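The following paragraphs guide the reader through one structure, from its aromatic contacts to its helices and strands. Please keep the sequence and the three-dimensional view at hand while reading.

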Amino acid sequence: MGWLCPSALLVFERENRAYFAAVIPDRGDEFFAEFDTRHAQLLAQQAAGTDYFYLLVAEGGEVVGRVNLFNVADGSAELGYRIAQKAAGQGLATAAVREVRELAATEYGLTSLRARVTLDNPASRKVLEHNGFVPVSELTLNDKPARSYICELR
């Protein structure tokens, strides 16, 4: 995992836009039009230590997923992830979340992670549960029933 040039990330986001939009809100045309500016902002947030971004990159250099820790504060962070459609179902999300969970504890000194997922996304719920996340509450996320999860790291 690592951070790559913005064009490879943009290709990943464009190629999987419809796939992602089936379970999470579409980022909208503005996201793609302003991608370079947004990417620079994300890098600044990472440098400031408020967010950490990781990419899963295939041997050929193609981005096949991303895992993010954001809103880092008070020993906790929100976890988000997405895997390319053609790489789904291969255990990549489970392995990547496991690795980032370990980094959160060892590199960043975090004590807990939070995540939210809609009930119509059983694959993501399974990834979280396989990584020690437990459901803590029900909520509405993007007008859909969802669950909030927490993972205690220590």
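The charged end of Arg82 lies over the ring of Phe20, at 4.5 Å from the centre of that ring. Phe20 also belongs to a cluster, in which ring pairs join it to Phe12 and Tyr19.

The coordinates come from a predicted model. Over the chain, the mean pLDDT is 90, and 96% of the residues reach at least 70. Confidence is highest in helix 5, at 97, and lowest in helix 3 (residues 28-33), where the mean is 79. Where pLDDT is low, the predicted coordinates should not be read in detail.

To return to the rings, the count comes to 3 aromatic pairs. The rings of Tyr52 and Tyr108 are stacked, because their centres are 3.6 Å apart and their planes meet at 10°, which is under the limit of 30 degrees. This pair connects distant parts of the chain, 56 residues apart: Tyr52 is in strand 1 (residues 52-57), while Tyr108 is in the loop between helix 5 (92-106) and strand 4 (112-118). Tyr52 has a relative accessibility of 14% and therefore counts as buried, whereas Tyr108, with a relative accessible area of 25%, is partly exposed.

Attention may now turn to helix 4. How far apart are the end C-alpha atoms of helix 4? At 1.5 Å a residue, the 14 residues of this helix (residues 35-48) should span 20 Å, and the end C-alpha atoms are indeed 20 Å apart, in agreement with that value. Phe35, His39 and Leu42 are the buried residues of helix 4. Seen down the axis of helix 4, these buried residues fall within an arc of 60°, so they line one face of the helix. An α-helix has 3.6 residues a turn, so residues three or four places apart point the same way. The other side of helix 4 carries the exposed residues Asp36, Ala47 and Ala48. After helix 4 comes Gly49, which has a positive phi, near 80°.

Helix 6 (residues 122-130) may be read in a similar manner. Its buried residues are Ser124, Arg125, Val127 and Leu128. Viewed down the axis of helix 6, they fall within an arc of 155° and so line one face of the helix. The buried residues of helix 6 pack against strand 3 (76-83), helix 5, strand 4 and strand 6 (144-152). On the face turned away from this buried side, helix 6 carries Pro122, Ala123, Lys126 and His130, which are exposed. Gly132 follows helix 6, and its phi is positive, near 85°.

Two residues in strands complete the account. Ser148 is found in strand 6. With a relative accessible area of 15%, under the 20% limit, Ser148 is buried. Apart from neighbours within four places in sequence, Ser148 is in contact with Ala115, Arg116, Val134, Pro135, Val136, Ser137 and Leu139.

Is Glu138, which is found in strand 5 (residues 134-141), buried or exposed? Glu138 counts as exposed, because its relative accessibility is 54%. Beyond its neighbours within four places in sequence, Glu138 is in contact with Leu119, Ala146 and Arg147. Glu138 and Ala22 are separated by 116 residues in sequence and by 20 Å in space, from C-alpha to C-alpha.

Methods:
Residues numbered from 1 in each chain as written. Predicted model: local features only at pLDDT ≥ 70, side-chain atom pairs only at ≥ 80, totals over all residues. Heavy atoms only, no water. Helix = DSSP H or I, 4+ residues; strand = E, 2+ residues; numbered from the N terminus. Expected span 1.5 Å × (residues − 1). Buried < 20%, exposed > 50% of the residue type's maximum accessible area, 1.4 Å probe, protein only. Arc of directions from axis to C-beta. Phe/Tyr/Trp six-rings, centres within 6.5 Å; stacked < 30°, edge-to-face > 60°. Lys NZ or Arg CZ within 6 Å of the ring centre and 35° of its normal. Contact = heavy atoms within 4.5 Å. pLDDT = per-residue confidence, 0-100.
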